[in-house]
Structures are given as structure tokens and as C-alpha cells.
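Here is a friendly walk through one protein model, from its internal spaces to its strands and a few unusual backbone spots. Have the viewer open as you read.

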Amino acid sequence: MFTIGVDIGTTSTKAVLFNGHQQLAVHNVLYPLLTPDTETAEQDPVVIYGAVLEAVSAVRAKADGPIRFASFSSAMHSLIALDASGRPLTNSITWADSRANPYTQEIKRDVDASALHMRTGTPVHPMAPLSKLRWLKKEHPDVFEQTAKFVSIKEYVFYRLTGRFVVDYSIASATGLFNLKQRDWDTEALDVAGVTPERLSELVPTTEILPVTPEVTETLGWDFPLVIGASDGVLSNLGVGAFEQGVVAVTIGTSGAIRTVVSEPVEDPKGRIFCYALTDKHWVIGGPVNNGGIILRWLRDEFAASEVETAKRLGIDAYDVLTRIAETVKPGADGLLFHPYLMGERAPLWDSNARGSFFGLSIHHKREHFIRAVLEGVIFNLYTVMLALDELTGAPNRIHATGGFAQSSLWRQMMADIFDTPVVVPESHESSCLGAVMLGEYAFGDIEEFQEVPQVTHEHTPDMEATNVYRELLPIYIRLSRHLSEEYEAISAFQRKHV
């Protein structure tokens, strides 16, 4: 049985052809993130729609039989304003766009943001469409008034393919506008955003099956139904086999996330984590971080010119050189701590003003200590998110690690030591696409439960000597970010004024 999993991502759209769960073909289409200034992060929705058509058509051509369905994964938190004809009035405003920050603070002054977070599962933050809508209404009132529908990038794609404005519970639960328990738009959140349900899409389960329009069939030859699917994070958990109690998925790509699956919505009174829908029986809780692999790229580009040149001469990856250098330093980097908030931070701080810092620097610290501290700082930050999950669901018994960082033996072991938990790397080439296909099988009734656990390619257990060192440093790391919260706001204000 041939199926297609599609992932509409921030930097590309990827389609994967599967036979069962065996990956047969992949087609990836890149597109730019438009960043004309430090706060704007947009994309052209028409370009992304074209990328979906190209990617799906390319893998469909590799199948020597009919396609059962195509099921969709998508990045969260995007917002597009459409006119009455369905034409975009704006670009797709992505999760990385921070122009709504002043209006996020305004919302926090106007309403009980904690209660809103508890009902919707999404923190009041510039990434969320809730804040973006307030920003658009205040800063671009003409566009706001002309808008017939406010949609995400997946909703726009499905409108073009099916002729219907529909949004799955998973993408909706990342907007800050969706009441998790009522499975409906939240009345107070809509009032805060200044919209009515008529200007939003119809809410449907993640298992909703839709036919394409006759025009799409005639033009592209697509004769298979579409499963609306869910968001990329929750589907990645499916794809890497992290859907059992006690199993946590940790992903570090450009950014990062830590997630676990629960049987019903979970609320965090301290407002540190998200809660997103997967199915009626599966909900995903966790936290996304802004600062993942992009921090290592910053380290490479700004401070490792000699290492990059060495890597070129040796014909190896520059990151391998950096991690080998970090391995020469003991765990804990001799007391040098790094807070990786170079792009503000989402979980657990939810503070776009947060800034990076080194702490504990002394005369004996050398270049290799800085490299080790940067690597540890990224994992320390993810661990603070894990602490919130521990309080709500209990400590994990296994971590499934994915993303580019999982290729590094040092980083994998570092995670096992810092989290004091076994870390495995499942065989998962395209986890969100595989998760989308598994959800499609669930939608069609081919499976009653999610059961597949991928093969393990690497496994690491904690080194207790290193774990004990990290246990001494972690409380200092956590206290520092709390002490600096007011200074983050002050220094970011200075930077906005002078940089």
C-alpha cells in the first residue's frame, strides 16, 4: 500500500513515499525565510503551495501503484490574512516573527494570561497567532478590516487543494485561540484577538479525510484523498516511537523541543509548557526552545575560523572538530556556564527579551572550555523544560533523541548524563512524515493504536561521575536565569535602541 507523508516546514516542504512504513522516495523543496529586519520572519504562501505540489507530485511519480492517501504535517503558529477571494493580503507570518512582542505585553496587562494559557495550552507569546492578530489589528488596521479569513499555512494549502477552510485540532491548539477541553474556539481569546469564529476556519479532528477538488485532479492527476493530519512536533513523536508513558522525545535541529504524549490535556499552573492535540486519546505536552543547533552554528561561524579551516584540510565536518575539542574538557567545563538565549527564549522562560551569557569565567578557562560550555548550555536549557514535565507527568524512563545533534556521540552522552536518563536514537529518517502516515492509517481504521517502535541505532546510559558534577551546576544555572530576568529586559531595550 503506497502512502505519502508531507511535512510543510519553515525552510522547506518535504514529501515521502512509503510502502507500509518503508521509505521509498523523498523530495524536498527549499524556500526562503524573509527577514528584512531583526523582528520580521515571513514566507510567501504561494511559493509554499507550489512547493507542496512539486514535492507530492514528484514522489507520486515514483509509485508503481495507486496512492491510498497523503497525510500532512506542518509547522505551527503561522498566520496569513486572506481576502474574500482567498488571495493572501499578507505573507505567512511565521513562529519566528517577533513584531507582536509589544502587544503580547499589552495582552498580559489586559487579561489573566495564565488562565488563558491554561485553557488554550499555548503561552501568551509573540509566536502565537493570538498575539499576531492583536499586532495586525493595531499596526495594519486596513489589512485587518479587509481580511475575510485568518489562516495558517496548512489551512491555506488545504483551501487551495480542497476548496474548504478547515483547521485540525492540532494546529488550532497552537494558536492560543482554541479551548482544549471544549474543542472549540475560546470566547475570551477571540475577544482579545479581535476576531469572530466566522473569520477563522472550521475546526476538524486530525483524522479528517478530505477529497481534492475536481480541478486539482484534472490538473495534477491527484486521485487520492488527503488526511488533514497534525503539527510537526506531535507527529515527530509518533515517527520516533515516543508515544508510550515514560518515553520523551528530544529534538535539536536549528531550534529544539522536548515532548511527551499523555491521554488527556494537562495544564501547567506555572505556565512553562504547551499542550497540543494529536487525537481524542493522545495529547502532546512539552516545550519548544529557540536555541538549539543554531547556537553551535554561531560558535562555528564567529569563533572557530581556524577549526573550520582545519576541517576543510582534513575533509571532515567542522562540527566534528568542535566536538572533539570539547571532549578534551571535563564535564562541567570547570565551572563555566553558558545560557544560550541568543534568540530570546520560549520554554521555559517564555521571554523574547532573554539574552545569552557566560558565567563563572576565570583566568584558567581556555577556548576549549567555551566550546564545551556552549554544548552543555543547550542541553542544560532543555533539561529545565524537562523539570516542568517531571512535575506534571513524572520522570521519564527513556529519551528518544532526534535531529542533527543526535549524530554527535558527545552530545548524546552529554544528554544522558545531564538528564540522568538513558538516551536512544531511533532509526527515523523523516519522523514527521512517518508520523503523518501513521496518523493517516489511524484515520482510515487500518490501526487501532500507535504501536510501531523504530529500531535503535545508538544507546547511551548515564555516567554517574559526570551526572554528579552536573547535579552541582544545574541549580546555579537555573537560579541565574531567574536573577537576570529584569536585566534581560533592560539589555534588550538598549539593543533595540542602539544596535
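## Enclosed spaces

A cavity here is a set of grid points where a 1.4 Å probe fits but cannot get out, and its lining residues have an atom within 4 Å of a point. Please keep in mind that this is a predicted model. With that definition, the structure holds 3 cavities of 30 Å³ or more. The largest cavity offers about 110 Å³ of space. Its lining is made up of 13 residues, and those nearest the centre are L79, F150, E155, T175 and L200. Two elements, α4 (129-139) and β8 (149-151), give two or more residues each to this lining. Sorted by class, the lining of the largest cavity has 8 nonpolar, 4 polar and 1 charged residues.

What about the second largest cavity? It contains about 80 Å³ of space. Its lining includes I8, G9 and T10, along with Q43, I48, A75, M76, S78, S92, T94, W95 and I153. Here the classes split into 6 nonpolar and 6 polar residues, with no charged residues.

## A strand enclosed on both faces

I8, one of the residues lining the second largest cavity, also belongs to strand β1, which spans residues 2-8. Is this strand buried or exposed? Buried means under 20% relative accessible area, and 7 of the 7 residues of β1 are buried, so the strand is largely enclosed by the rest of the structure. In a regular strand the side chains alternate between the two faces of the sheet. For β1, F2, I4, V6 and I8 are buried on one side, while T3, G5 and D7 are buried on the other.

Which strands pair with β1? Strand β5 (residues 67-74) pairs with β1 in the parallel sense, over 6 bridges, and F2 stands opposite I67 in β5. Strand β2 (residues 12-19) runs antiparallel to β1 and is joined to it by 7 bridges. Within that pairing, I8 has T13 as its bridge partner. β1 and β2 form a hairpin, with 3 residues between them.

## A seven-stranded open sheet

Further along the chain, look for an open sheet of 7 strands with mixed pairing, in the order β17-β18-β16-β15-β21-β22-β23. Its edge strands are β17 (274-279) and β23 (456-460), each of which pairs on one side only. From one strand to the next, the twist averages 25°. Strands of a sheet pair through backbone hydrogen bonds, either parallel or antiparallel.

One pairing to pick out is that of β16 (residues 256-262) with β18 (residues 282-289): these strands run antiparallel and are joined by 7 bridges. V262 stands opposite W283 in β18. Helix α15 (residues 409-419) lies across β15 (247-252), β16, β21 (398-402), β22 (423-426) and β23. Relative to β23, helix α15 runs at about 50°.

## An open pocket

Now for a space that is open. The second largest pocket contains about 510 Å³ of space. Its lining counts 26 residues, with R272, P348, L349, S481 and R482 nearest the centre. By class, these residues divide into 11 nonpolar, 10 polar and 5 charged.

Which helices supply at least two residues each to this lining? They are α2 (101-110), α14 (367-393), α17 (464-483) and α18 (485-498). The largest share, 5 residues, comes from α14.

## Backbone details to check

P348, one of the residues nearest the centre of the second largest pocket, is joined to A347 by a cis peptide bond with omega about -5°. P348 lies in the loop between β19 (337-339) and β20 (357-359). W350 is found in the loop between β19 and β20 too, and it has a positive phi of about 50° although it is not a glycine. At 8% relative accessibility, W350 counts as buried, given the cut-off of under 20%.

A333 is another residue other than glycine with a positive phi, near 50°. You will find A333 in the loop between α13 (318-326) and β19. Its relative accessible area is 0%, so A333 is buried.

Methods. Residues numbered from 1 in each chain as written. Predicted model: local features only at pLDDT ≥ 70, side-chain atom pairs only at ≥ 80, totals over all residues. Heavy atoms only, no water. Pairing = 2+ DSSP bridges. Helix = DSSP H or I, 4+ residues; strand = E, 2+ residues; numbered from the N terminus. Axes fitted to C-alpha atoms, helices over the stretch in contact; angles between N-to-C directions. Contact = heavy atoms within 4.5 Å. 1 Å grid on protein atoms, 1.4 Å probe; cavity = no way out; pocket = protein on both sides within 12 Å on 5 of 7 lines; lining within 4 Å. Points joined across faces, edges and corners; volume = space filled by probe spheres on them. Nonpolar A, V, L, I, M, F, W, Y, C, P; charged D, E, K, R; others polar. Buried < 20%, exposed > 50% of the residue type's maximum accessible area, 1.4 Å probe, protein only.
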